[in-house]
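Work through the exercises below with the sequence and the 3D structure at hand. Try each task before reading its solution.

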Amino acid sequence: MDQAPTRKLSLGALIGGLVTAVSLIGGLLAIWQYYVQNPRQDVSGTWIIETTTQQTSYKPFKNLALTYTVQFVQNGVSITGQGEKTTESGREVETKAHTPITLTGSLAGDSIDASFTEKGLERESHGEFHWKLVKDQRWEGSFTSTAADSQGISVLRRKVSSDP
């Protein structure tokens, strides 16, 4: 009976195979990192945030609709924003009620998670927004706030020329 010849791996072939595997893994990690740091969505620019309070510990806030105009700056997946409250329940707020809001967050695929601070007329409040992309330039989701333990729905949409 003939036996099949056995092959021995040389040290050079083994090292060559390991170098090839490490190179492939490194290349895949570089591609993954590129896509993580260069998201498909660009949220830089002027945006409108609309909120409607659904639950709150303070009854006058129930169903309160607020609108903010925010300027976002995006750096890779990180976003920051500054803006102000512009309307309450569809009515323009007085100049002194244009309370400032700042946001910091991140973009992951078709989701944005951001924390915010709003410097209200009487106190500072903090909270979070969580949005998912539903169509081009429109994100929908939820918010929570320390202002009267409020929470509800939120829309983020790019400002257009017909917006006030």
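Two strands pair if DSSP finds at least two bridges between them. Helices (H or I, at least four residues) and strands (E, at least two) are DSSP runs, numbered from the N terminus. This is a predicted model, in which local features need pLDDT of at least 70 and side-chain atom pairs count only at pLDDT 80 or more, while totals for chains, interfaces and linings use all residues. Residues are numbered from 1 along each chain as its sequence is written, and side-chain values use heavy atoms, with hydrogens and water left out.

**Exercise 1. Elements and overall form**

Task: State how many helices and strands the protein has, and why it is more spread out than a compact globule.

Solution:
- Step 1. Count the elements: there is 1 helix, and there are 9 strands.
- Step 2. Put them in sequence order, which gives α-β-β-β-β-β-β-β-β-β.
- Step 3. Compare the radius of gyration with the globule rule. The protein has a radius of 25 Å, well over the 15 Å that the rule gives for 164 residues, so it is more spread out than a compact globule. The radius is taken over C-alpha atoms, and the rule is 2.2 Å times the number of residues to the power 0.38.
- Step 4. Look at the box that the C-alpha atoms fill along the principal axes: it is roughly 95 × 35 × 25 Å.

**Exercise 2. Partners of strand 1**

Task: Find which strands join strand 1, and in which sense they run.

Solution:
- Step 1. Locate strand 1 at residues 45-55 and strand 2 at residues 65-75. The two run antiparallel and are joined by 8 bridges.
- Step 2. Pick a residue pair: T46 stands opposite Q71 in strand 2.
- Step 3. Turn to strand 9 (residues 150-158), which is antiparallel to strand 1 and joined to it by 8 bridges. Here W47 stands opposite R158.
- Step 4. Examine G45, which is found in strand 1. Not counting residues up to four places away in sequence, G45 touches V70, Q71, F72 and R158. Contact means heavy atoms within 4.5 Å.

**Exercise 3. Two hairpins**

Task: Which residues take a positive phi in the hairpins of strands 2 and 3 and of strands 8 and 9?

Solution:
- Step 1. Strands 2 and 3 pair in the antiparallel sense over 10 bridges, and V73 stands opposite T80 in strand 3.
- Step 2. Their hairpin has 2 residues between the strands, and G76 takes a positive phi near 65 degrees.
- Step 3. Strand 8 (residues 138-145) pairs with strand 9 in the antiparallel sense over 8 bridges; G141 stands opposite S154.
- Step 4. This hairpin has 4 residues between its strands, and A148 in the turn has a positive phi of about 55 degrees.

**Exercise 4. Buried or exposed?**

Task: Decide whether K85 and T86 are buried or exposed, and list what each touches.

Solution:
- Step 1. Set the cut-offs: buried means under 20% relative accessible area, exposed over 50%, and partly exposed in between (1.4 Å probe, protein chains only).
- Step 2. Place K85 in strand 3 (residues 78-88). Its relative accessible area is 10%, so K85 is buried.
- Step 3. Beyond four places in sequence, K85 touches L66, T67, Y68, V93, A97, H98, T99 and E118.
- Step 4. T86 also lies in strand 3. T86 has a relative accessible area of 11% and is therefore buried.
- Step 5. Leaving aside neighbours within four places, T86 is in contact with T67, Y68, T69, R91, E92, V93 and H98.
- Step 6. For the whole protein, 29% of the 164 residues count as buried.
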